[in-house]
Amino acid sequence: MSQAPYQPRTPGTQLKIRQLSKTMPPNEVLATINKDAMRDMKLGEDVQVSNTVRDSMQVRNAKRTVSDAHHSKSGSAPASDFTQVMAFSARGSFVKNFSMVERKPLAYLATDQQLSDVEKFCTGSNPSILQIDMTFNLGNFYVTSTSFRHPMFVHKATGKNALMNGPMMMHTTKSADDYTFLSTNISKSLKNRPVPFWGSDDEAAICAGIPQGESFKKSQQLLCTIHASENCERKIKDLQIDQVTTTQILDNIFGTEVTHNGLKTRIGGLIDCECEEDFDFQLSHMVPVSDEMERKSTGQDPQFAEYFKRHKANDCKKHMLTPLRRDAGLGDNPSRFTTNDAEVNNLNLKRLFDWRKLTWQESIGKLELHAVNVSSKLQQAMWGEGDFDLSPKFKHLQITRLTCPYMGKKQ
C-alpha cells in the first residue's frame, strides 16, 4: 500500500468531474481529465498533480452527488464514416494500418507506448504471456484485443500485476486472414522480435492466423483451460451423464485447484503430465475408467472418451502440459492458463463504450482514450497515487508529486 501523502484536488478539478459525469461513464471522466494533464507533464510543462483525478473511486464518489448524472444506454450503431477512419490512419498516431478490400474493413490500432511496452515485456527473457481475445457488441464490428501483465506495477486492491491492453484490431469477419493481418502488423511493430508465449481460447481462426506473423512463427501457444473444460462439459451433458460423474471425468483431464488457509494447491489431471509420452500413457489408462463411469451413469455404450481422443486430446497435449505452463511463468507447480485477463480487458472496453454500439470513428476515439488512460494510471503510480503501486522490485523508481512537474520529457 502506498504511503504517499494525501493531495487534495483543486475546486476546478472537482467541478470538472461533476460536469463530465453528466454525459460520461466514470472511466471516461477519469481518462478525459487526466489525458491532457499527463500529456503536458510529458512535455515538461508546469502541471500540478492537484489538477488530475486521484483514482477511479474519486469519480464514482463525485458522480453520486450529481442529480442528473449519466446512465448507460444501449442501442444500434449508426453508419460509420470510413473517410474519417482513413484520415486517422494517415496520421498514424493510433490507427497504424487500415485496409478496405472488397468492402471488408480492417484496422490495426496501437499507441507508441503500447507497442513499446509489448516489446519490453512480451519479448526477450522472462516475458509476459500475450493474450489475444475477440469481443463483440461494441458496434457493427468485432474488436480483437491483446493484453498482458506489467511486471513493474501492482493493483492496490488485488495485489496482482497491472493488467495492460496492447495492440487491437477492428474487423467485420472472423477469418484466419483477419488474424494474420493482426499478427503481421504486430510483428512489423516489434521489428519481428519473437513473442515466446501467447494464449487464447480455441477459436479456429485465431489459432490458424496468429502463427503466420513473423514474431509468432516460433511462439508457444497456450490454450485456455476453462474454455476447453466447458467444451468437454457440453459434450458430456449431450450424452446425459450425471453431474457427479461429469465432475470426476473433467477433474481427471484438467485437474482441480483447492484453496486451504489462503494457499492454492493443484491436484493434477492429464494436462499436468510432464511430457507427451506420459500424457499418452495416462490417457490410455484413463479411457477404460471413463468408459466405465459413463456406462454406469447412462446405461448406454460409452462415447465421451473416444470423442476426447479424436477432438481434444491433441490440443491438451500441445498447448496445456506442465512444462509449457512452467516455462510461461505460471509457477513451479504451474496453475492452469486461462484467458480471464483478456476477458476482463474486453469487459473494460464494453464499460468504456457505455454498453452502446458506436461507429468506427467513435470507437477508435474511445479505444485510444482507453489506452492513454491506462498509461496515465501508471504515471500516477510513480508518485504513489491512483489505482496502482510500483511493485517492490521497482520501488526505487518512486518519485514525489512535487518532483514530477519539474521533470523534463526524457526523465
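Here are some short exercises on the structure above, each with a worked solution.

This is a predicted model, in which local features need pLDDT of at least 70, side-chain atom pairs count only at pLDDT 80 or more, and totals for chains, interfaces and linings use all residues. Residues are numbered from 1 along each chain as its sequence is written, and side-chain values use heavy atoms, with hydrogens and water left out.

**Exercise 1. Get to know the chain**

Find how many helices and strands the chain has, and what share of its residues is buried.

Solution. Start with the definition: helices (H or I, at least four residues) and strands (E, at least two) are DSSP runs, numbered from the N terminus. The chain holds 15 helices and 10 strands. Next comes burial, where buried means under 20% relative accessible area, exposed over 50%, and partly exposed in between (1.4 Å probe, protein chains only). Of the 411 residues, 49% count as buried. Finally, look at contacts (heavy atoms within 4.5 Å). Among those between residues at least 6 apart in sequence, 66% join residues at least 24 apart.

**Exercise 2. Follow helix H10**

Work out whether the span of helix H10 agrees or disagrees with its number of residues.

Solution. The expected span of a helix is 1.5 Å times one less than its number of residues. Helix H10 covers residues 276-298, so its 23 residues should span 33 Å. Its end C-alpha atoms are 31 Å apart, which agrees.

Now look along the helix. H10 bends by about 30 degrees at Met 286, and Pro 288 follows within four residues. The bend is the angle between axes fitted to the seven residues ending at a residue and the seven starting there. Met 286 is also one of the buried residues of H10, which include Phe 279, Leu 283 and Val 287. Their cover includes helices H9 (243-254), H11 (304-311) and H12 (313-319). Just after H10, Gly 299 takes a positive phi of about 75 degrees.

**Exercise 3. Compare two loop residues**

Decide for Glu 102 and for Asp 354 whether the residue is buried or exposed.

Solution. Most residues other than glycine have a negative phi. Glu 102 has a positive phi near 55 degrees, and Asp 354 has a positive phi near 60 degrees. Glu 102 sits in the loop between strand S1 (95-101) and strand S2 (104-109). With a relative accessible area of 77%, Glu 102 is exposed. Asp 354 belongs to the loop between H14 and helix H15 (360-382). At 1% relative accessibility, Asp 354 is buried.

**Exercise 4. Place Lys 350 and His 319**

Identify the polar partner of each side chain.

Solution. A polar contact is a pair of N or O atoms within 3.5 Å; within protein, one must be able to donate a hydrogen and the other to accept it, and residues adjacent in sequence count only if both atoms are side-chain atoms. Lys 350 lies in helix H14 (residues 340-352), and its side chain makes a polar contact with the side chain of Thr 135 (3.5 Å). The C-alpha atoms of Lys 350 and Leu 138 are 6.5 Å apart, although 212 residues separate them along the chain.

His 319 is part of helix H12 and is buried, at 19% relative accessible area. A polar atom of the His 319 side chain lies 2.9 Å from the backbone oxygen of Gln 221.

**Exercise 5. Count the disulfides**

How many disulfides are there?

Solution. A disulfide is a pair of cysteine sulfur atoms within 2.5 Å. By this rule the count is zero. Cys 316, for example, has its nearest cysteine sulfur, that of Cys 232, 6.4 Å away.
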